[in-house]
Amino acid sequence: MKRRQFIQFAGVSALSTLFLSTGPLARSSHAQTGSVTVQWLGHTCFLFSGNGRRILVNPFRTIGCTAGYRTPDVVANLVMISSRLLDEGSVEGLPGNPRILAEPGVYEFSNMQVQGIATAHDLNEGRRFGTNVVWRWSQGGLTILHMGGAAAPITLEEQILMGRPDVLFIPVGGGLKAYDAERAVQAIDVLNPRIIVPTHYRTAAADPETCDISGLDEFLSRLGDVPVTRRTADSVSFSRASLPETGRKVEVFSYQF
């Protein structure tokens, strides 16, 4: 790398680090207290409740890998989608009148800042499935990163924007448009989250004729001695006290079919 390029990049890195540690997202996180309740609604769809907000991420249509899940017909103030694909961006018929975010950018919502980070939705620079939006926000005193259908390795610029999340929601089942187990572990090593929630893996909900993704076991086997908690319910509350003092842990939700 040329010296001028290195100096320019170092400057960007320093400013980005300062923004992540002292900017609006950080101030919002420090200002919030309590906890956030996370409910798994299937595939990459979750409902986040806390600090007077209900945030729904990636509602889907029941088709293919999501065929056997219930339609995520829940009330939310804010809906964020990673793409317009039917398994992670079906917003028609949602109850109420939620605000919907679908594009990369920085948004203000109810005294909270949300950042959408553009990544590739496939390994061919997005030429097949387009752009995936990774969502980053703070709720219940925790920094949350939902990676949607990320497929490509994380670039250095993307890493700077994503920062180190407290809770990371990451696809692990592979297929044509999301991380497989190996690439998911590589992304985790880059981001170094405290809590890992795997998403986008094959379950009993899948249509066996059309679903091309794998189950959860391969991903868990690649994590080595990282502790795994298998919840008996579809929801759990996270707080600062939930974070491991050192290292990482994995949370796996149950779904009642």
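This report covers the fold, core, rings and strand pairing of one chain.

The model is predicted. The chain carries 5 helices and 14 strands. Of its 257 residues, 54% are buried. Among contacts with a separation of 6 or more, 59% join residues 24 or more positions apart. The exposed area is about 11800 Å², and carbon and sulfur atoms supply 50% of it.

**The open sheet**

Six strands form an open sheet in the order 5-4-3-2-1-13, and the pairing is mixed. Strand 5 (99-101) and strand 13 (235-239) stand at the edges. Each has a single partner strand, so one side of each lacks a neighbour in the sheet. On average, neighbouring strands here are turned by 20° against each other, direction ignored. Within this order, strand 3 (residues 53-57) pairs with strand 4 (residues 78-80) in the parallel sense, over 3 bridges. Leu56 stands opposite Val79 of strand 4.

Ser90 sits in the loop between strand 4 and strand 5. Its relative accessible area is 14%; the limit for buried is under 20%, so Ser90 counts as buried. Leaving aside neighbours within four places in sequence, Ser90 is in contact with Pro59, Phe60, Arg61 and Leu85.

**Pairing at strand 14**

Strand 14 (residues 249-252) has side chains on two sides. Lys249 and Glu251 point one way, Val250 and Val252 point the other way, and all are buried. Strand 14 also pairs with strand 11 and with strand 12, as the sections of the table show. In general, strands of a sheet pair through backbone hydrogen bonds, either parallel or antiparallel.

| Strand pair | Sense | Bridges | Facing residues |
|---|---|---|---|
| Strand 3 and strand 4 | parallel | 3 bridges | Leu56 and Val79 |
| Strand 11 and strand 14 | parallel | 2 bridges | Ile195 and Lys249 |
| Strand 12 and strand 14 | parallel | 3 bridges | Val228 and Val250 |

**Aromatic pairs**

The chain has 13 aromatic pairs. Phe46 and Phe48 form a tilted one, with 6.3 Å centre to centre and 40° between the planes. Phe46 has 1% relative accessibility and so counts as buried. Phe48 is buried too, with a relative accessible area of 0%. Phe48 also pairs with Trp137, this time edge-to-face: 5.0 Å centre to centre, 90° between the planes. Phe48 lies in strand 2 (residues 45-50) and Trp137 in strand 8 (residues 131-139), so this pair ties together parts 89 residues apart in sequence. Both Phe48 and Trp137 are buried.

Elsewhere, ring pairs link Trp40, Phe60, Tyr69, Tyr201, Tyr255 and Phe257 into a cluster. Phe60 of this cluster is also one of the contacts of Ser90.

**The nonpolar core**

The largest nonpolar core has 68 residues. Those with the most contacts inside it are Phe48, Leu56, Met80, Trp137, Met147, Ile170 and Phe219. Which element gives the largest share of this core? Helix 4 does, with 6 residues.

Helix 4 spans residues 181-191, and its buried residues are Ala181, Arg183, Ala184, Val185, Ala187, Ile188 and Leu191. What covers them includes strand 9 (142-146), helix 3 (156-162), strand 10 (167-171), strand 11 (195-199) and helix 5 (217-221). Just after the helix, Asn192 takes a positive phi of about 55°.

Two of the core residues named above deserve a closer look. Take Met147 first. Is Met147 buried or exposed? Its relative accessible area is 0%, so Met147 is buried. Met147 lies in the loop between strand 9 and helix 3. Met147 and Pro171 are 24 residues apart in sequence, yet 7.2 Å apart in space, C-alpha to C-alpha. Beyond its neighbours within four places in sequence, Met147 is in contact with Asn132, Val134, Ile154, Met162, Leu168, Phe169, Ile170, Pro171, Tyr179 and Leu191.

Ile170 is next. Leaving aside neighbours within four places in sequence, Ile170 is in contact with Met147, Tyr179, Ala184, Ala187, Ile188, Ile196, Val197, Pro198 and Thr199. Among these contacts, Ala184, Ala187 and Ile188 are buried residues of helix 4. Tyr179 is in contact with Met147 and with Ile170.

Methods
Residues numbered from 1 in each chain as written. Predicted model: local features only at pLDDT ≥ 70, side-chain atom pairs only at ≥ 80, totals over all residues. Heavy atoms only, no water. Phe/Tyr/Trp six-rings, centres within 6.5 Å; stacked < 30°, edge-to-face > 60°. Buried < 20%, exposed > 50% of the residue type's maximum accessible area, 1.4 Å probe, protein only. Helix = DSSP H or I, 4+ residues; strand = E, 2+ residues; numbered from the N terminus. Contact = heavy atoms within 4.5 Å. Pairing = 2+ DSSP bridges. Axes fitted to C-alpha atoms, helices over the stretch in contact; angles between N-to-C directions. Core = buried A, V, L, I, M, F, W, Y, C linked by side-chain atoms within 4.5 Å. Areas by Shrake-Rupley, 256 points an atom, 1.4 Å probe, with all protein chains shown as cover.
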